[in-house]
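Subject: Structure for your review

Dear colleague,

Please find below the structure that I would like to hand over to you. My findings follow it, and I would ask you to read them with the model open.

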Amino acid sequence: MKTVFLSTLLMLALSFASRAQQFPIASEPGYDMKQYWFVMLSKGPNRTHNQATAQKIQQAHLQNIERLAKAGKILVAGPFADDGNWRGIFIFDCPDSLEVKRLLDTDSAIASGRLRYEIHPWWTAKGGSFK
């Protein structure tokens with residue numbers, strides 16, 4: 001499981017490295033870092049819903065992601081392709097973790113206990129990968 005996550009991070013790093021010439025170097029004037037919020041989604045304590053209920057929860061989960069993406073709050077969202085404990089990630093653009101938590105609590109999959117989350121501050125070059 002951790003191998004999949006580390007492989008994903010390595011692929012992201014290689015992707016960024018291949019485009020490094022497009023970005024300023026940290027010592028250059030005008031180079032700015034920006035904090036985002038990395039959210040790791042994992043299986044929650046309540047995954048006993050029947051299939052119809054689970055489908056409704058999932059549909060509402062996807063609608064919530066779409067709503068937050070349109071609002072510019074979620075910049076990246078996606079599931080992992082295996083059936084491990086880690087279910088997916090979000091990257092949020094919010095001023096603080098309290099807003100991230102408030103937005104996560106609007107998610108049906110989290111509210112129902114199908115998913116749980118961890119919030120981590122994450123930094124990248126402003127104007128690099130994200131706005």
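Strand β1 (residues 33-43) and β4 are paired in the antiparallel sense, and eleven bridges join them. One of the residues involved is Met 33, whose bridge partner in β4 is Ala 125. Please note that this is a predicted model.

The wider setting of this pair is an open sheet of four strands, antiparallel in its pairing, with the order β2-β3-β1-β4. At its edges lie β2 (74-79) and β4 (115-125), each of which pairs on one side only. From one strand to the next, the twist averages 20°.

Two helices should be viewed together with the sheet. Helix α2 (residues 51-70) lies across β2, β3 (86-92) and β4, and runs at about 155° to β2. Helix α3 (residues 97-104) also packs on the sheet, where it touches β1, β3 and β4; its direction makes about 140° with that of β4.

The largest nonpolar core has 16 residues, and those touching the most other members are Val 39, Phe 90, Phe 92, Val 100 and Leu 104. At least two residues of this core come from each of β1, α2, β3, α3 and α4 (108-111). Which residues is Val 39 in contact with, leaving aside its neighbours within four places in sequence? They are Gly 88, Ile 89, Phe 90, Phe 92, Val 100, Leu 104, Tyr 117, Glu 118 and Ile 119.

There is also a second, separate core of seven residues, among them Tyr 36, Met 40, Phe 80 and Trp 86.

Yours sincerely

Definitions and conventions. Residues numbered from 1 in each chain as written. Predicted model: local features only at pLDDT ≥ 70, side-chain atom pairs only at ≥ 80, totals over all residues. Heavy atoms only, no water. Pairing = 2+ DSSP bridges. Axes fitted to C-alpha atoms, helices over the stretch in contact; angles between N-to-C directions. Contact = heavy atoms within 4.5 Å. Core = buried A, V, L, I, M, F, W, Y, C linked by side-chain atoms within 4.5 Å. Buried < 20%, exposed > 50% of the residue type's maximum accessible area, 1.4 Å probe, protein only.
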